[in-house]
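Subject: Structure handover

Hi,

Here is the structure we talked about passing on. Please open it alongside this note.

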Amino acid sequence: MQHTASNAQADVDLGAEPESVVVHVQLRPRRGAIRKCLAALATLAAEHDEVAFAVSGLSKDDRVVRVTVGVDLGPRTAVAKFSPQAQAAYAFVSAVFTSLYDHMPVYVAEPSPAERAAAAVLLERAAAGATAADVVEALPVSADPAPIPSPRTAGPGERIPA
């Protein structure tokens, strides 16, 4: 599932331009809810047609499917000035968190090479007519689920005395 904005600035492939800022949001639907999650994501994309995004990572374990969506905020200098493209992208990300909360959206880092390869297979097979859920079912199950990051420890100036 890939969606490019209609304006020329957003026609850049996600991550291709070094000055472009991409935010990765991962959806974690339960394996039985992947069709519902992808349908909701497609509906949300139709409502935000000015935002460029793509499925940038895909993996699963025995309980959930991890669908990473890369959202292009635009050139770094325009993001700093809160450009219309950046505002639209932020609105899309906000809508992902508010309307897809059942699928546990979280901010993540760049997808791994294996997740990127699986996402490329998804996009290729979906373009050929296969359903996304069928592509997800064909993915191998990851032996080790994605680790949950530990909380950041407070720095010296951030500690509050008891």
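Below are the findings, from the overall fold down to single residues.

**Overall**

Keep in mind that this is a predicted model. The protein has five helices and five strands. In sequence order they run β-β-α-β-β-α-α-β-α-α. There are 162 residues, and 40% of them are buried. Now the contacts with a separation of 6 or more: 75% of these join residues 24 or more positions apart. The accessible surface is about 9,300 Å². Carbon and sulfur atoms hold 58% of that surface.

**Cavity**

How many cavities of 30 Å³ or more are there? The count is one. The volume of the largest cavity is about 30 Å³. Its lining consists of Val25, Leu27, Leu41, Val69, Val71, Phe92 and Val96. By class, that makes seven nonpolar residues, with no polar and no charged ones. Three elements each give at least two residues to this lining: strand 2 (20–27), strand 4 (65–75) and helix 3 (84–99).

**Aromatic pairs**

The model has three aromatic pairs. One of them is Phe53 with Phe92. The ring centres are 5.0 Å apart and the planes meet at 25°, so this pair counts as stacked; the cut-off for stacking is under 30 degrees. The pair ties together distant parts of the chain. Phe53 sits in strand 3 (residues 53–60) and Phe92 in helix 3, with their positions 39 residues apart. Are these two rings on buried or exposed residues? Phe53 has 1% relative accessibility, so it is buried. Phe92 is buried as well, at 0% relative accessible area. Recall that Phe92 also lines the largest cavity.

Phe82 and Tyr90 make up another stacked pair. Here the centres are 5.6 Å apart, with 25° between the planes. Phe82 has a relative accessible area of 43%, so it is partly exposed. Tyr90, at 35%, is partly exposed too.

**Backbone: positive phi**

Most residues other than glycine have a negative phi. Two residues here are worth checking against that.

Phe82 is not a glycine, yet its phi is positive, at about 55°. Phe82 lies in the loop between helix 2 (76–80) and helix 3.

Met104 is not a glycine either, and its phi is positive at about 50°. Where is Met104 found? It is in the loop between helix 3 and strand 5. Its relative accessible area is 36%, so Met104 is partly exposed.

**A buried loop proline**

Pro111 is in the loop between strand 5 (106–108) and helix 4 (113–127). Why does Pro111 count as buried? Its relative accessible area is 7%, and the cut-off for buried is under 20%. Which residues does Pro111 touch, leaving aside those up to four places away in sequence? They are His24, Ser56, Gly57, Thr68 and Arg116. Ser56 is 55 residues from Pro111 along the chain. Even so, the C-alpha atoms of Pro111 and Ser56 are 6.8 Å apart.

**In short**

- One cavity of 30 Å³ or more, with a nonpolar lining.
- Three aromatic pairs, including the stacked Phe53 and Phe92.
- Positive phi at Phe82 and at Met104.
- Pro111 buried in the loop ahead of helix 4.

Over to you.

Best wishes

Technical notes: Residues numbered from 1 in each chain as written. Predicted model: local features only at pLDDT ≥ 70, side-chain atom pairs only at ≥ 80, totals over all residues. Heavy atoms only, no water. 1 Å grid on protein atoms, 1.4 Å probe; cavity = no way out; pocket = protein on both sides within 12 Å on 5 of 7 lines; lining within 4 Å. Points joined across faces, edges and corners; volume = space filled by probe spheres on them. Helix = DSSP H or I, 4+ residues; strand = E, 2+ residues; numbered from the N terminus. Nonpolar A, V, L, I, M, F, W, Y, C, P; charged D, E, K, R; others polar. Phe/Tyr/Trp six-rings, centres within 6.5 Å; stacked < 30°, edge-to-face > 60°. Buried < 20%, exposed > 50% of the residue type's maximum accessible area, 1.4 Å probe, protein only. Contact = heavy atoms within 4.5 Å. Areas by Shrake-Rupley, 256 points an atom, 1.4 Å probe, with all protein chains shown as cover.
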